[in-house]
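Me: I have just opened this structure and would like a friendly tour. Could we go through it together, one question at a time?

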Amino acid sequence: MSYFRNEFKYLVSEQQIAMLSCRLDGVLSADVHAGGKDAGDRKQYLIRSLYFDDPQNSCFYDNESGYDRREKWRIRTYNASAKTIYLEKKSKLHGKTHKDRCLLTREQAERLILGEGLPQEPEDGLLKEFSLLQRTKGFMPKVITVYERVPYVYALGNVRITFDRNISSSVDYGSFFAERLPVRPVMQAGAHLMEVKYDEYLPSFIFQCLQMQNLQRTAFSKYCLCRKYSLVLASPIW
């Protein structure tokens with residue numbers, strides 16, 4: 001049975017990340033999936049997500065309008081690698097979030113990006129649902145989001161705290177699996193995002209670690225922001 005989680009977002013500076021990381025390093029673990037690039041004593045990875053929407057941009061406008069029940073669809077990879085590819089549906093209801101995902105092959109992902117449909121009816125329910133949306137509502141690629149993520153986890157409460165740096169966008173869908181993708185930064189220099197996710201409760205010692213003056217909570221959507229600022233030719237290049 002699916003369940004919805006609490007999710008809170010905060011705009012943070014590089015200095016705030018440094019201070020919060022010092023606190024969290026002593027009490028939380030790094031995500032075991034994070035590897036590759038080092039960020040001090042922490043591990044980070046690169047996330048690319050290709051978001052889909054219908055011709056009327058329903059997902060975008062539902063999010064902008066703050067509708068209580070809404071969904072976003074995306075294909076996601078890590079560290080610019082096609083080794084592991086996910087199709088994900090992120091749902092929001094009553095202020096809480098839920099994510100469904102399934103694995104895709106490279107061929108399946110490329111066909112979905114091109115809007116060609118799959119040669120056979122998929123067995124996976126999530127992939128079947130998305131294939132139906134492509135056929136009936138014309139879901140198509142809209143924007144790629146790219147950012148570096150430093151993740152912390154804590155088992156009790158299923159807590160996950162992440163710092164997302166250098167959030168950028170692209171509409172070069174054909175280069176989604178390329179090692180180097182031209183992107184455009186969408187936030188001011190030095191501005192980043194912290195996300196705090198947990199199930200039913202946030203342990204009090206973690207809550208205390210996160211207390212900081214001028215910490216600004218925000219209703220932030222990477223998808224919506226990148227839709228507004230997406231350009232094909234830009235820098236830096238990942």
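Me: Let's begin with Arg-5. Which residues does Arg-5 touch, leaving out residues up to four places away in sequence?
Reply: Happy to help, and please keep in mind that this is a predicted model. Arg-5 sits in the segment before strand E1 (6-13). Not counting residues up to four places away in sequence, the residues touched by Arg-5 are Lys-96, Thr-97, Gly-157, Asn-158, Val-159, Arg-160, Lys-197, Tyr-198 and Asp-199.

Me: Is Arg-5 buried or exposed?
Reply: The cut-off for buried is under 20% relative accessible area. Arg-5 has 14% relative accessibility, so Arg-5 counts as buried.

Me: Which residue has a side chain joined to that of Arg-5 by a polar contact of 2.8 Å?
Reply: Among the residues that Arg-5 touches are Lys-197, Tyr-198 and Asp-199. The polar contact of 2.8 Å runs from the side chain of Arg-5 to that of Asp-199.

Me: How confident is the prediction; what is the mean pLDDT of the protein?
Reply: A pLDDT of 70 or more is reached by 92% of the residues. There are weaker stretches, including residues 231-238, where pLDDT stays under 50. Where pLDDT is low, the predicted coordinates should not be read in detail. For the protein, the mean pLDDT is 89.

Me: Now a helix. Why do the buried residues of helix H3 lie on the same side?
Reply: In H3 (residues 106-114), the buried residues are Ala-109, Leu-112 and Ile-113. They share one side of H3 because the arc they cover around the axis is only 100°. An α-helix has 3.6 residues a turn, so residues three or four places apart point the same way. The arc, then, is 100°.

Me: Which exposed residues are on the face of H3 turned away from its buried side?
Reply: The buried side of H3 holds Ala-109, Leu-112 and Ile-113. On the face turned away from it, the exposed residues are Glu-107 and Leu-114.

Me: What is the geometry of the aromatic pair formed by Tyr-45 and Tyr-78?
Reply: Twelve aromatic pairs turn up in a search of the whole structure. In the pair of Tyr-45 and Tyr-78, the ring centres are 5.4 Å apart and the planes meet at 85°. An angle over 60 degrees counts as edge-to-face. The pair of Tyr-45 and Tyr-78 is therefore edge-to-face.

Me: How many residues apart in sequence are the parts tied together by Tyr-45 and Tyr-78?
Reply: Tyr-45 is buried at 6% relative accessibility, while Tyr-78 is partly exposed at 22%. Tyr-45 belongs to strand E4 (residues 42-53) and Tyr-78 to strand E5 (residues 70-78), so the separation in sequence is 33 residues.

Me: Which ring does Arg-227 lie over?
Reply: Tyr-51, Phe-60, Tyr-61 and Tyr-223 are linked into a cluster by ring pairs. Arg-227 lies 5.4 Å from a ring centre, over the face of Phe-60.

Me: Last stop: where is Met-212, and which residues does it touch beyond four places in sequence?
Reply: Met-212 is in the loop between helix H5 (204-209) and strand E12 (216-218). With a relative accessibility of 17%, Met-212 counts as buried. Setting aside residues up to four places away in sequence, Met-212 touches Gln-16, Met-19, Leu-20 and Arg-23.

How values were computed: Residues numbered from 1 in each chain as written. Predicted model: local features only at pLDDT ≥ 70, side-chain atom pairs only at ≥ 80, totals over all residues. Heavy atoms only, no water. Helix = DSSP H or I, 4+ residues; strand = E, 2+ residues; numbered from the N terminus. Buried < 20%, exposed > 50% of the residue type's maximum accessible area, 1.4 Å probe, protein only. Contact = heavy atoms within 4.5 Å. Polar contact = N/O pair within 3.5 Å; in protein donor to acceptor, adjacent residues only side chain to side chain. Arc of directions from axis to C-beta. Phe/Tyr/Trp six-rings, centres within 6.5 Å; stacked < 30°, edge-to-face > 60°. Lys NZ or Arg CZ within 6 Å of the ring centre and 35° of its normal. pLDDT = per-residue confidence, 0-100.
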